[in-house]
Amino acid sequence: MIKLRTPLTQEAADLLKAGDQVLLSGMIYTGRDAAHKRFKDAFVNHQALPFDLQNQIIYFTGPAPAKPGRVIGSCGPTTSYRMDAYSPLMLKHGLRGMIGKGRCSEEVKEAIKKYHGIYFGAIGGAGALMASCVKKSEIIAYSDLGTEAVRRLLVEDMPLTVVIDTLGNDLYINGRKEYLLCE
């Protein structure tokens with residue numbers, strides 16, 4: 001298990017390999033479809049984003065409302081391909097990592113390789129487990145989007161798997177090949 005802290009530098013990202021198990025701690029940001037569309041619009045209109053993307057990680061999630069006494073509600077990963085139209089642009093502008101579930105397009109994989117990004121897989125269906133790793137949560141932008149507002153999260157030991165590394169190795173493809181070789 002690799003202990004990893006944010007911000008995620010290129011040097012640290014380059015050491016990660018598809019299949020590595022990671023416990024992530026530090027500050028990360030949330031954003032789903034609607035927020036990503038606003039990020040793209042901000043780039044097109046030469047406006048600042050609500051946070052500096054450089055070496056940051058964005059978690060594709062829209063947390064449920066927090067129950068009394070809790071920091072955040074259930075916050076499982078969103079299917080990543082829903083952000084495929086925006087991810088290459090985000091990586092180009094300094095984003096280092098993305099957390100989601102499921103596969104990414106070839107265009108996203110190429111951008112990951114070009115910009116030394118990392119795609120982490122989170123445990124789908126385990127939103128309560130993911131929420132237990134969140135120690136602080138605050139909305140920093142687009143509060144009108146409700147659960148899809150952009151949040152800054154302080155996380156501790158969030159369990160993730162490197163799905164696509166900076167070389168473009170894809171666990172969904174390579175893992176399947178390895179499994180078939182063992183049959």
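In this predicted model, helix α4 turns a face away from its buried side, and that face carries the exposed residues E106, E107 and K114. The buried residues of α4, which spans residues 106–115, are V108, K109, A111 and I112. Viewed down the helix axis, these buried residues fall within an arc of 160 degrees, so they line one face of α4. An α-helix has 3.6 residues a turn, so residues three or four places apart point the same way. Just after α4, H116 adopts a positive phi of about 55 degrees.

**Helix α2**

Helix α2 consists of 12 residues. From its first C-alpha to its last it reaches 17 Å, close to the 16 Å expected at 1.5 Å a residue. Its buried residues are A35, H36, F39, A42 and F43. They cover an arc of only 115 degrees around the axis, which puts them on the same side of α2. The elements that cover these buried residues include β3 (57–59), α3 (87–92) and β7 (150–164). Just after α2, H46 takes a positive phi of about 55 degrees.

**Aromatic contacts of F39**

The structure holds 3 aromatic pairs. In one of them, the rings of F39 and F51 have their centres 6.1 Å apart and their planes at 85 degrees, so this pair is edge-to-face. F39 belongs to helix α2, whereas F51 lies in the loop between α2 and β3, so the pair ties together parts that are 12 residues apart in sequence. F39 is buried, with a relative accessible area of 0%, and F51 also counts as buried, at 6% relative accessibility.

F39 forms a tilted aromatic pair with Y142 as well, with 6.0 Å from centre to centre and 45 degrees between the planes. Y142 is located in the loop between β6 (134–141) and β7, while F39 lies in helix α2, so this pair ties together parts that are 103 residues apart in sequence. Both F39 and Y142 are buried. Together with Y29 and F51, these two residues form one aromatic cluster.

The geometry of these two pairs is set out below.

| Pair | Centre-to-centre distance | Angle between planes | Arrangement |
|---|---|---|---|
| F39 and F51 | 6.1 Å | 85 degrees | edge-to-face |
| F39 and Y142 | 6.0 Å | 45 degrees | tilted |

**Cysteines**

The structure holds 0 disulfides. C75 is in no disulfide, and the nearest cysteine sulfur, that of C133, is 8.2 Å away. A disulfide requires the two sulfur atoms to be within 2.5 Å. At 8.2 Å from the closest cysteine sulfur, in C75, the sulfur of C133 is therefore too far for a bond. C75 is buried, with a relative accessible area of 1%, and C133 is buried with a relative accessible area of 6%.

**D157 in strand β7**

C133 is also among the contacts of D157, a residue placed in strand β7. The other residues that D157 touches are K3, L23, L24 and S25, not counting residues up to four places away in sequence. At 28% relative accessibility, D157 counts as partly exposed. D157 and V134 are 23 residues apart in sequence, and their C-alpha atoms are 9.0 Å apart in space.

**R32 in the loop before α2**

R32 lies in the loop between β2 (21–30) and α2 (33–44). Its relative accessibility is 16%, and R32 therefore counts as buried. Leaving aside residues up to four places away in sequence, R32 touches F60, T61, G62, T78, R82, M83 and E148.

**Annotated span**

An unreviewed UniProt entry carries the annotation "domain: Fe-S hydro-lyase tartrate dehydratase beta-type catalytic", which covers residues 2–173. The end C-alpha atoms of residues 2–173 lie 22 Å apart in the model. This span is 25% helix and 28% strand.

Technical notes:
Residues are numbered from 1 along each chain as its sequence is written. This is a predicted model: local features need pLDDT of at least 70, side-chain atom pairs count only at pLDDT 80 or more; totals for chains, interfaces and linings use all residues. Side-chain values use heavy atoms; hydrogens and water are left out. Helices (H or I, at least four residues) and strands (E, at least two) are DSSP runs, numbered from the N terminus. Buried means under 20% relative accessible area, exposed over 50%, partly exposed in between (1.4 Å probe, protein chains only). Contact means heavy atoms within 4.5 Å. The arc is that of the directions from the helix axis to the C-beta atoms. The expected span of a helix is 1.5 Å times one less than its number of residues. UniProt positions are given in the numbering used here, feature names are shortened, and annotations may be inferred rather than shown by experiment. Rings of Phe, Tyr and Trp (its six-membered ring) pair if their centres lie within 6.5 Å; planes under 30 degrees apart count as stacked, over 60 as edge-to-face and the rest as tilted.
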